[in-house]
Amino acid sequence: MSANLSNQVTRRLTSPGFDRALAGRSGPVFSRPAALRPATRQASGVGNLGTKQRSLTNTQRNRKSCVIAGGSFTETFITAKLTALQHAAVQQYKDQLQPYQAFGCDPLQVGAHGLAEPWQGTLFRFPLRNADLAACSRISKQVYDVPKAQQLLLGLRSEATLMLLFLKSVHTLEVWDWAPGALAPIVQFSCAVGNASVQLHHERALFTRASAAAMAAAAAAAVQAGGGGGGGGFGTARSPDGCESSFELLLTSTHHVPDAAGANVATRTRTFLVCQGAAGGATASLAMQLSSNLASPLVPWGAVAADITPPGTPDGSNGDADGCGGHREGRAFCFLPLPARTGLPLHVNGFFELSSNRRDVWHGADLAGSGAQRAKWNEALLENAIAPAYARLLALAAARLGPGEAYARLWPTADAPAPWQRVVTELFRLVADMPVAWTDALGGKWLAPSQARWRGRQQLGGGWRWCLCR
């Protein structure tokens with residue numbers, strides 16, 4: 001009989017009608033052995049199947065238990081019990097669940113199996129706090145009333161495009177308003193990736209794949225060296241193969257402004273050229289070292305994005321700063337935008353070490369201790385991950401835009417503030433042998449700056465460009 005018991009599991013069941021439920025089921029049923037009468041949940045068998053215990057209530061101790069073959073009936077029974085518990089919870093907390101009936105989610109709707117229908121998403125509910133509640137609150141004294149919430153959403157709308165620029169998976173951001181007494185919320189604003197595709201999703205998610213592969217390699221190297229674990233960062237001394245990419249990203253913002261005729265929809269689209277990649281060599285080694293020192297995983301990742309929206313499009317000027325407009329001035333990112341301005345004509349994203357208020361990156365020559373290490377890490381990112389991405393972007397933009405003002409304004413000026421000036425210095429060193437300088441001589445051609453003779457500069461639009469002769 002022991003052979004027949006090898007795949008049988010002893011479970012404590014909690015249904016008062018368990019004996020009746022077993023009457024019509026096939027397969028052997030065994031009465032509960034005396035040895036299993038203590039109030040524990042046990043499993044018997046062969047191999048690595050061990051003993052599991054779970055404390056039971058007094059009511060459960062008085063209910064029957066038995067051994068059944070396989071686990072299909074037990075799983076069905078547990079599901080039925082959870083269904084009953086959920087149904088009871090829904091009835092008891094109906095008022096708390098009712099606000100979540102939005103955007104296709106309905107926790108009060110029971111499906112065919114007695115469970116709420118699954119909903120692919122996550123909802124967060126943040127209750128407001130007026131002045132009276134804030135005064136007596138032990139959580140926070142900060143007032144968050146309706147005007148404050150509307151102000152936050154307005155700020156979110158102005159940053160919507162920038163928020164999507166360097167994210168890996170998010171492709172749509174929407175702001176909805178559910179007015180008191182309305183049957184459903186109404187969309188007020190949305191921003192989305194306008195050229196979404198499987199290939200684009202693959203390109204945007206490169207960081208996820210690269211960091212996972214490198215950390216796995218770091219863990220494997222540590223095990224081989226006898227360390228037993230990974231350092232938490234890039235463990236290789238080089239950038240993983242295929243760990244850089246470039247793509248165009250179209251971001252479309254839509255404003256739904258009610259008017260007398262119904263809804264007035266205003267749509268604007270901006271085009272960004274994005275270059276991203278991981279640094280290898282000394283920067284990868286530094287990532288592994290500082291990951292251990294700072295007890296935080298570091299990834300030598302950098303990216304840049306330039307707004308190349310043609311001036312003739314509806315929002316192609318330097319224009320306003322809401323939605324998708326007015327993003328010519330460079331901002332710093334750590335995947336999401338920071339308040340810091342770079343002084344560069346494009347946006348810079350990196351796996352930076354941020355200041356405690358998350359408004360800027362660590363930098364400065366007068367730092368000591370961990371602060372100096374964080375500043376050193378950011379400097380390495382700027383020189384070895386971001387500057388190379390910037391150089392690749394200029395080469396791509398030369399082919400994409402051709403010579404002219406649109407291309408000329410992608411070049412940095414010499415007055416970028418610290419620490420972003422490091423990007424400018426390294427960039428000019430990297431592009432010295434790349435065909436990124438246009439000359440009208442010889443019928444017009446692209447030259448590497450090191451191959452050209454410079455005869456001066458001329459004013460172009462709002463700035464200057466160097467003129468070449470050959």
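Two strands pair if DSSP finds at least two bridges between them. The legends below refer to a predicted model.

**Figure 1. Pairing of strands E8 and E11.** Strand E8 covers residues 301–307, and strand E11 covers residues 347–350. Four bridges join the two strands in the antiparallel sense. Within this pairing, Ala305 lies opposite His347 of E11.

**Figure 2. Burial of strand E8.** Seven of the seven residues in E8 are buried, so the strand is largely enclosed by the rest of the structure. Cover is present on both faces of E8. On one side the buried residues are Trp301, Ala303, Ala305 and Asp307; on the other they are Gly302, Val304 and Ala306.

**Figure 3. Surroundings of Gln276 in strand E7.** Gln276 has a relative accessibility of 6% and therefore counts as buried, the cut-off being under 20%. Its side chain reaches the backbone oxygen of Glu203 at 2.7 Å. The side chain of Gln276 also makes a polar contact with the side chain of Ser245, at 2.9 Å. Leaving aside neighbours within four places in sequence, the residues in contact with Gln276 include Trp301, Gly302 and Ala303, and among the others are Arg204, Leu206, Glu244, Phe247 and Arg392.

**Figure 4. Surroundings of Thr271 in strand E7.** Strand E7 runs over residues 262–278. Thr271 counts as buried because its relative accessibility is 11%. Not counting residues up to four places away in sequence, Thr271 touches Glu248, Leu249 and Leu250, together with Ala306, Asp307, Ile308, Thr309 and Arg400. Of these contacts, Ala306 and Asp307 are also buried residues of E8.

**Figure 5. A nonpolar surface patch that includes Tyr144.** Leu128, Tyr144, Val146 and Leu152 make up this patch of about 350 Å². Tyr144 is placed in the loop between helix H5 (131–136) and helix H6 (146–158). At 33% relative accessibility, Tyr144 counts as partly exposed.

**Figure 6. The whole chain, as context for the close-up views.** The chain has 13 helices and 15 strands. Of its 470 residues, 37% count as buried. The accessible surface of the chain comes to about 26100 Å², and carbon and sulfur atoms account for 55% of this surface. Among contacts between residues at least 6 apart in sequence, 59% join residues at least 24 apart.

Methods
Residues are numbered from 1 along each chain as its sequence is written. This is a predicted model: local features need pLDDT of at least 70, side-chain atom pairs count only at pLDDT 80 or more; totals for chains, interfaces and linings use all residues. Side-chain values use heavy atoms; hydrogens and water are left out. Buried means under 20% relative accessible area, exposed over 50%, partly exposed in between (1.4 Å probe, protein chains only). Contact means heavy atoms within 4.5 Å. Accessible areas come from the Shrake-Rupley method with a 1.4 Å probe; for residues, only the protein chains shown count as cover. Patches are made of residues with over 30% relative accessible area and no salt bridge: like charges are joined within 9 Å, nonpolar side chains (Val, Leu, Ile, Met, Phe, Trp, Tyr) within 5 Å. A salt bridge is a side-chain nitrogen of Lys or Arg within 4 Å of a carboxyl oxygen of Asp or Glu. A polar contact is a pair of N or O atoms within 3.5 Å; within protein, one must be able to donate a hydrogen and the other to accept it, and residues adjacent in sequence count only if both atoms are side-chain atoms.
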